[in-house]
Amino acid sequence: MLKTALVSDRRYMLHVAGRVHPERPERVETMIEMAEGLNRPGLAPLTPREATVAELELCHGAAYVAAVEKTAGMQRFDFDPDTHTSPATWRVATLAAGGALTAIEAVLGGAARNAFAIVRPPGHHAVANRAMGFCFFNNVAIAARALIERHGLKRVLIVDWDVHHGNGTQELFYDSAAVMYMSTHQYPFYPGTGAIDEVGAGAGRGYTVNAPMPATFGDDEYLRIFDSLLIPIARRFNPEFVLVSAGFDCHYRDPLGGMRVTEAGFLAMTRRLKRLAAECCADRMAVVLEGGYDLRALADSGRAVLEELGREADEPVPAPVAGGRAIPIIQRARYFHDRLWRLD
Ligand SMILES: [Zn+2]
């Protein structure tokens, strides 16, 4: 049984995104209750710390960070039509970025083999100088940059299975060979980015891997994309740390997404990434919550991921039997990546 750090806090409920808003405090409450009810040995609860301004500025401009800080105590400020603050948003957003940092620190320090950070607000749409899509600070991107700049790692992998493309994360590392960004997402869909030919630029060419998919794809299609595209490239990249932008809005019950992933699908994706982390980086892996707007889907999927994180990495990884609809996407993506990554 692997030891997993479970980073969460009921203070994540203090950010109110709007009177009626899918990104609501109950999302975290549901996940915390699920984790508390889970009788899993080796689960180490950890209280997140707040990210410092300097840590936020690893990914965000100083003027933008100051603009978010200025909303502290304000009744409401609208960054975009979907992204509103409440009086506690600044503190909760720094605690969300800090939650991702707490997770990587627990793993790097040896307190746990891997980590699951249940945080909100989410992060992957946040770009350097703008909040958007319910996101203020890019929690996973800040953790990735901290791993590189503060902890001296050379190669960090981010896998983003949220139903939306993580435009913020992609943009922050688009020309970087130190952070590889991989995304499976519904397409075309919000926020509009994540086309198959967005593969990175300059030194980062080949270090962005997009698998845009039509609605209705489910476990088999996702797993084919993992097995035939993402994992082979990730192996070549040979990461020193695996970060997961874990949105559960590709679950079949989700009200915003149009995908059909089940709990078994999340478990199987986690198993593949855990095996990769075992091969490449002594299990070092942190899963960070992004989207997911159906409470039951969140609890069920979160439980599957949390239980899987505890299992040793030598469990079988059965290949998907169906999912042939994913083959054209794999072929088109490999058209761009085969030469760069010398895949067989
Ligand atoms: Zn999402």
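**Notebook: zinc site, sheet and ring pairs**

I started with His-164, which counts as buried at 7% relative accessibility. I note at once that this is a predicted model.

**Entry 1. The zinc ion.** Which protein atoms are the donors of the zinc ion? I found Asp-162 (OD) listed twice, then His-164 (ND1) and Asp-249 (OD). These donors lie 2.0 to 2.8 Å from the ion. I then looked at the angles among the four donor atoms, and they run from 53 to 153°. The site is therefore irregular, since a tetrahedral one would need all angles between 85 and 135 degrees. I wrote the sequence spacing of the donor residues as D-x1-H-x84-D. Is Asp-162 buried or exposed? Asp-162 has a relative accessible area of 1%, so I put it down as buried.

**Entry 2. The sheet.** I traced the strand order next. Eight strands form an open sheet, in the order E2-E1-E5-E10-E9-E6-E7-E8, and the pairing is parallel. Which strands stand at the edges? They are E2 (43–46) and E8. Each has a single partner strand, so one side of each is left without a neighbour in the sheet. Neighbouring strands are turned by 15° against each other on average, direction ignored.

I also checked a pairing elsewhere in the sheet. Strand E5 (residues 114–117) and strand E10 (residues 285–289) pair in the parallel sense over four bridges. Phe-116 stands opposite Val-287 in E10.

**Entry 3. Strand E7.** How many of the residues of E7 are buried? I found eight of its eight, over residues 179–186. Val-179, Tyr-181, Ser-183 and His-185 point one way from the strand. Met-180, Met-182, Thr-184 and Gln-186 point the other way, and all are buried.

I followed the partners of E7. Strand E6 (residues 156–160) pairs with E7 in the parallel sense over five bridges. The bridge partner of Leu-157 is Met-180 in E7. The chain gets from E6 to E7 through helix H6 (residues 167–172), and this β-α-β crossover is right-handed. With strand E8 (residues 208–213), E7 pairs in the parallel sense over six bridges. There, Thr-184 stands opposite Ala-211 in E8.

**Entry 4. Aromatic rings.** I searched the whole structure and got 13 aromatic pairs. Trp-161 and Phe-266 have ring centres 5.7 Å apart and planes at 50°, so I logged the pair as tilted. This pair links distant parts of the chain, 105 residues apart. Trp-161 is in the loop between E6 and H6, and Phe-266 is in helix H8 (residues 263–281). Both Trp-161 and Phe-266 are buried.

I took Tyr-207 and Trp-341 next. Their ring centres are 5.0 Å apart and their planes stand at 75°, so the pair is edge-to-face. Tyr-207 is in the loop between E7 and E8, and Trp-341 is in helix H10 (residues 327–341). They are 134 residues apart. Tyr-207 is buried, and so is Trp-341.

I also found a cluster linked by ring pairs. Its residues are Tyr-64, Phe-77, Phe-79, Trp-90, Phe-136 and Phe-137.

**Entry 5. Helix H5.** Nine of the 11 residues of H5 are buried, so the helix is largely enclosed by the rest of the structure. Among the buried ones I noted Asn-139, Arg-145 and Leu-147. I looked up Ile-148 too, which is in H5 (residues 139–149). Why does Ile-148 count as partly exposed? Its relative accessible area is 22%, and partly exposed covers the range between the 20% and 50% limits. I also took one distance: the C-alpha atoms of Ile-148 and Gly-258 are separated by 35 Å. The two are 110 residues apart along the chain.

**Entry 6. Backbone oddities.** I looked for cis peptide bonds. One joins Arg-120 and Pro-121, with omega about 0°. Pro-121 is in the loop between E5 and H5. Another joins Tyr-187 and Pro-188, with omega about -5°. Pro-188 lies in the loop between E7 and E8.

I looked for positive phi values outside glycine as well. Asp-283 has a phi of about 75°. It sits in the loop between H8 and E10. Asp-283 is buried, with a relative accessible area of 9%. Arg-342 has a positive phi near 50°. Arg-342 lies in the segment after H10. With a relative accessible area of 65%, Arg-342 is exposed.

Key:
Residues numbered from 1 in each chain as written. Predicted model: local features only at pLDDT ≥ 70, side-chain atom pairs only at ≥ 80, totals over all residues. Heavy atoms only, no water. Donors = N, O, S within 2.8 Å, 3.2 Å for Na, K, Ca; no water. Tetrahedral: all angles 85-135°; square planar, octahedral: opposite > 155°, others 65-115°. Buried < 20%, exposed > 50% of the residue type's maximum accessible area, 1.4 Å probe, protein only. Helix = DSSP H or I, 4+ residues; strand = E, 2+ residues; numbered from the N terminus. Pairing = 2+ DSSP bridges. Right-handed = clockwise from strand over helix to strand, strands pointing away. Phe/Tyr/Trp six-rings, centres within 6.5 Å; stacked < 30°, edge-to-face > 60°. Axes fitted to C-alpha atoms, helices over the stretch in contact; angles between N-to-C directions.
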